[in-house]
Amino acid sequence: MKKIPIILDGDPGHDDAIAWVLAAASPELDIRAITSSCGNQTIEKTTYNAQRICTLLHLCVPVAKGRVRPLVSEPMNAPSVHGESGLDGPILPEPDFDLEEMDAVTLMEKIIRKSDEPITIVSTGPLTNVAALLLAHPELKSKIAHISFMGGGVQYGNWTPAAEFNILVDPEAADVVFRSGIPITMAGLDVTEKALIFPEDFERIRTLDNPVAAIVAEWLEFFYLFHRNLGYKGAPLHDAVAVAVLVKPELMESQELFVQVETIGDFCKGATVADFRSILKVSPNAKVLMGIDRQGFVDLLVERIAKYGKERRT
Amino acid sequence: MKCFPVIIDCDPGVDDAAALLLAKQMPELDIRAVTTVAGNVGVDQTTVNALRIRAASGAAYPIFAGADKPLFRERIDASAFHGEDGLGGVAYPVPKEEIPAEKAWDAIYRIAKECNGELVLIAIGPLTNIGIALAKYKELPQLVKKAVIMGGAAVGGNVTPCAEFNIYADPHAADMLFCSGIPVYMCGLDVTMKAFVTPEELDEIGALGSSQAKLFREVFQMGQKKYLEWGMKGVALHDPLALYYAVDDSIFETHHVGIRVETKGALTLGKTVTDLYSDKQMEHNAYIVMDVNREVFLQKVMELMKKYD
């Protein structure tokens, strides 16, 4: 099987962490690098979390720290969702390796430049690093096969009525990505609010009886407690959808749409505006995920997390 | 339901015309006035059209003309859809009548006072007249029971990807209404696009026999072609739906929500931002109508049109 070479860019974050657990256990993917972004927590915290996750998973790939703040907007974090550490809950191993000395954008540039085949970027945080890469190195666009990201929502928002958190944090960066011309898959709230993991699913994962599974179950439980208070019946595993669509695209329903990002406004900053009725008469620029086979998604997670008991990845 | 006083603020407009034809036959409505505003076409033309429909329906309510342009923006129109005359080019006589000098916003306030808090505003055009009334008369919100509007959308748009015509035409006036304290019932594209009438159903109405039923069918002929080109099953009865909602909400799905209008966005100007479930709860100032039983609604439209001889 030909593997898809990817760079994981994210701001872990419980759902980023589980997205990476899924990616690292998926033979369809070849993780070339990991870069951190600021979003769910400060760049210091998300970078430390990225190192701890790689240590837990025995994932030996270069890890680099991303930009300390969004391109233009003021920084904002989500401690109410992910806790003060950005990844509250179970105790994780301390990092057993050093960060790259170069920053995230330089690492991305290097990986993409030296690769013989185009790279796919999977972003599960604000798109700051990805946009900085595209602005600084437009010549590399042809070597980026695809950008799959979690962010936005063509119907509603979550952080505000019109905007989803990752896009709201850095709307200008998202705007750069949507205008890039690179094939885009958008895993926004339209699909991720349907990617619910119910308490009985946590138990399936917990009984897998391997160290990673135990921690994933605790992360899910932590993530669920926050969402339960908002009236959710399960934990919406937003970020893992951006990985799952590469591993098992047949789980998803999608629509090709022209999407733009609102960067100003009293109420709509960070909204991903889709032209449902083709009013603008321009070609679609994104594959927008709209639905998911929830049970198939849970089964995929369980199947892949089970692998951590059988083999020790290096 | 007992009869209640209403003012219908409108910009006829083919679906406004259809709504006015239906309104005449609704025993629940005590129509105190029809006020006109620039929207689908200019206000001189929407006023002439209101006169034409009043004559056609045999009604006797007073008509007051209102704003000829939005509060702060340049005027846009929808003559591409409604025709240069705003009524789809129907051959229908223009009455030679004068209208009162009183302006729409003054009439709205005066009538609201006369109605002792019972007045329902049914606004099916851009909300400029109501915006001016709110600007001029600070006690107006206490005098109006509620406003039922056709406009906006929680999701999507029809003039831009995320704005509907009536709100986009005057977003500032719309936001003034949403902030006024008057309970607003918003029938936007989410529900009105579901209230389509197929060409066959429209022909059925047209064949009822009366001149009014014939007119109801005729005003939609031009717009119907566009809807069918867009892949819809028929023309949407936007304004009749909002009008009907005011007398019978039992066939609709309604949610109590927060709604504000974006007035500064680059792409989102005129979007009715609707807080159905975000983390940041807006004040619940409005009701959004999301669904309708189309078959029952069409049946009611048919029954009302049958009342014309």
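Which residue of β4(B) is the bridge partner of B:Ile8? I will come back to that after some groundwork, because a residue name here needs its chain and its number: residues are numbered from 1 along each chain as its sequence is written, and chains are lettered from A and ligands numbered from 1 in the order in which they are written. What we have above is a predicted model, in which local features need pLDDT of at least 70 and side-chain atom pairs count only at pLDDT 80 or more, while totals for chains, interfaces and linings use all residues.

Let me begin with chain B, where helices (H or I, at least four residues) and strands (E, at least two) are DSSP runs, numbered from the N terminus. Strand β1 of chain B, residues 4-10, is mostly covered, with five of its seven residues buried; buried here means that 20 or more other C-beta atoms, placed from the backbone, lie within 10 Å of the residue's own. Strands count as paired if DSSP finds at least two bridges between them, and β1(B) runs parallel to strand β2 of chain B, residues 29-36, joined to it by seven bridges. Within that pairing, B:Val6 has B:Ile31 in β2(B) as its bridge partner. The chain passes from β1(B) through helix α1 of chain B, residues 14-23, to β2(B) in a right-handed β-α-β crossover, a term which means that, with the strands pointing away from the viewer, the path from the first strand over the helix to the second runs clockwise. Four bridges also join β1(B) to the parallel strand β4 of chain B, residues 119-123, and this brings us to the opening question, since the partner of B:Ile8 in β4(B) is B:Ile122.

Turning to chain A, strand β4, residues 119-123, has five of its five residues buried, so it is largely enclosed by the rest of the structure. In a regular strand the side chains alternate between the two faces of the sheet. In β4(A), A:Ile119, A:Ile121 and A:Ser123 lie on one side and A:Thr120 and A:Val122 on the other, and all are buried. This strand pairs in the parallel sense with β1 of chain A, residues 4-10, over four bridges, and with β5 of chain A, residues 144-150, over five bridges.

Finally, the two chains touch through 25 residues from chain A and 24 residues from chain B, where contact means that C-beta atoms, placed from the backbone, lie within 7 Å.

Key:
A residue is buried if 20 or more other C-beta atoms lie within 10 Å of its own, exposed if 12 or fewer, and partly exposed in between; C-beta atoms are placed from the backbone.
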